[in-house]
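Open your viewer and keep the selection tool at hand. We will go stop by stop, with something to select at each one.

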Amino acid sequence: MVAATHKQGGILPSPTWWRDAAIYQLYPRSFADGNGDGVGDLAGARSRLDYLAELGIDAIWFNPWYLSPMADAGYDVADYREIDPLFGTLAEAEKLIQEAHERGIRIIVDIVPNHCSDRHRWFQEALTSQTARERFWFRPGRGDLPPNDWQSIFGGPAWTQVADGQWYLHLFAPEQPDLNWNHPDVRAEFEDVLRFWFDRGVDGIRVDSAALCAKDPALPEPGLSASHPFIDREEVHEIYRSWRTVADSYPDPRALIGEVWLEDQERFARYLRPDEMHAAFNFDFLGCAWDAAALRACIDQTMTWHPSGSWVLSNHDVTRHVTRYGRPDTSTAAGIRQYNPVVDVPLGTRRARAAALLTLALPGSVYIYQGEELGLPEVEDIPAERRDDPIYHRTGGDDPGRDGCRVPLPWSGEREPYGFSPNGAAPPWLPQPDAWSSLSVAVQEPDPASMLSLYRSALRIRAGHPALGDGTMTWLPAPDGVLAFSRGAGFACMVNLSPAAVALPEHAELVLASTPLAGELLAPDTAVWLMAGPLE
Ligand code: NOJ
């Protein structure tokens, strides 16, 4: 059943809200700039809460807003209990949580347990104290070489040397030292951080890099033993079991949502055991090609291992799906980001519209990455000197990085900053394309054919229809290349991924179409929601 969670007058209690919520991913740097410094902030987010309520979402996930030197856009946290001045103050965050709740919108914050910032007090202490080093992974080198050959996920070695010759481990940038989760201080500190945010009314936690926190203390090269030295080790589950105890100690349920990138679905599902996390992003779906057989296999697999769905099409780490779906190869098999000059944006947009109806009809919760409701494409021509992402810089540009999906939103107007910042403000932290005036909220709001109108309609229907959200699905017979399924109560979704138009079922009543229909045919790359008729 759909929990009616976003009604006027506050949050309605729902013990399983995370099972069917529509969750908006708000990337604070790029959502709305309240103070005119060209970077989004909490003042901007607060001023746009009505937009989000109108969109019809149930919860907002905020990417990190904590004190940070911003070596990795806030995923290098210097103080987990402070808001970075770039974004605002703790008092503003508290107001924001309250104002969201008044609109019936829940708040999820991002906790980064694998690493902190090199400016974090603990790491500063570690520079001068051997005892304080035990909270991290410090080791002597092999002569002039680092302790082992592990490579950073952002490119280059995973070790950096400090002044006295020792090295410390960082699976990401050198400014992000990995924490040692065998140390009791680390465990106690994060449980306290969870309580700090739960006590301020936060409804859920998104757990960053959740499968990486536990390390083999012998730090061997990968492949030497059955278990990987830092990916998905058994010990990691103990951490989330204790976090679950903290979450469950609150009277109204607080949710844990894992960022768990694992191909093996059985291993992935272990994070979702009843005493661990509530949900984990479905990256298999995000990476799936625009192909009926592949999507069907992915959906079946999800229903087996993760029936609360957590469907996701885009986020702040991957190429936006309008662009992905407009490429000759629509999967992310070649990498979640790639250079590829061949992009058919109108085709990608058409498919993104169909994908929205598919995703919002599937059983479970769904994540909407800011700007996907506007149909924003990836920005692929950001000049090198304006790029911010350490992935771009640490790979010497071999990997395009993630700036292209993080460009500030267009709200209104004919030119940059498109209402993102107040008049007379500093330029947006990343340049916005000239063509974005046609994608602004102000242009799309009154247009019934816009992507924004499609999302609003679909979210409104999804919230009100008893068959949608949490529950089950049944595949219906369909021609090759077509996905058709029922959600019960006479509700069905049909998506045509084949190159030819197909007939719609007789007697069915059209609820919503991703692209206007011509007669009784469903054109390629179009999805419909249908009611009644002989659907089951
Ligand atoms: C995953 C986050 O989504 C990404 O943006 C970040 O760079 C890494 N974890 C490191 O925290």
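How do the residues of the lining of the largest pocket divide into nonpolar, polar and charged? They split into 20 nonpolar, ten polar and nine charged. Keep in mind that you are looking at a predicted model.

**Stop 1: the largest pocket**

Select Ile153, Glu259, Trp261, Phe283 and Ile336. Of the 39 residues that line the largest pocket, these are the closest to its centre. The space here comes to about 1000 Å³. Next, colour helix H9 (265–269) and helix H10 (283–286). These are the elements that give two or more residues to the lining of the largest pocket.

**Stop 2: the ligand**

Stay where you are and show the ligand. The space it takes is the largest pocket. Which residues are the closest to the ligand? Select Asp72, Asp208, His316, Asp317 and Arg402: they are the closest of the 13 residues that surround the ligand. Now colour this shell by class. You should find three nonpolar, three polar and seven charged residues.

Zoom in on three side chains, one at a time. Each row gives the distance from a ligand oxygen atom to an N or O atom of that side chain.

| Select | Distance |
|---|---|
| Asp72 | 2.6 Å |
| Asp208 | 2.7 Å |
| His316 | 2.8 Å |

Then turn on the surface. How much of the ligand does the protein bury? Taken alone, the ligand exposes 300 Å², and the protein buries 97% of that.

**Stop 3: the second largest pocket**

Move on to a pocket with a volume of about 380 Å³, the second largest. Select Val345, Gly375, Pro377, Trp436 and Leu439. They are the closest to its centre among the 23 residues that line it. Colour helix H13 (345–361) and helix H15 (441–444) too. Each supplies at least two residues of this lining. Which of them gives the most to the lining? H13 does, with four residues. By class, the lining of the second largest pocket holds 13 nonpolar, five polar and five charged residues.

**Stop 4: two backbone details**

Switch to a backbone view. First, a general rule: most residues other than glycine have a negative phi, and most peptide bonds are trans. The next two selections depart from that rule.

Select Glu416 and Pro417. Is the peptide bond between them cis or trans? The bond is cis, with omega near 10°. Pro417 sits in the loop between helix H14 (390–394) and H15, so you can find this spot by following the chain on from H14.Last, select Leu219. Where does Leu219 lie? Look in the loop between strand E9 (204–207) and helix H8 (236–248). Phi of Leu219 is near 45°, a positive value in a residue other than glycine.

Definitions and conventions: Residues are numbered from 1 along each chain as its sequence is written. This is a predicted model: local features need pLDDT of at least 70, side-chain atom pairs count only at pLDDT 80 or more; totals for chains, interfaces and linings use all residues. Side-chain values use heavy atoms; hydrogens and water are left out. On a 1 Å grid over the protein atoms alone, a cavity is a set of points where a 1.4 Å probe fits but cannot get out, and a pocket is an open set with protein on both sides within 12 Å along at least five of seven lines; lining residues have an atom within 4 Å of a point. Grid points are joined across faces, edges and corners, and a volume is the space filled by probe spheres set on the points. Ala, Val, Leu, Ile, Met, Phe, Trp, Tyr, Cys and Pro count as nonpolar, Asp, Glu, Lys and Arg as charged, and the others, Gly among them, as polar. A residue is near a molecule or strand if one of its heavy atoms lies within 4 Å of it. A polar contact is a pair of N or O atoms within 3.5 Å; within protein, one must be able to donate a hydrogen and the other to accept it, and residues adjacent in sequence count only if both atoms are side-chain atoms. Accessible areas come from the Shrake-Rupley method with a 1.4 Å probe; for residues, only the protein chains shown count as cover. A molecule sits in a cavity or pocket if more than half of its atoms lie within 2 Å of its grid points.
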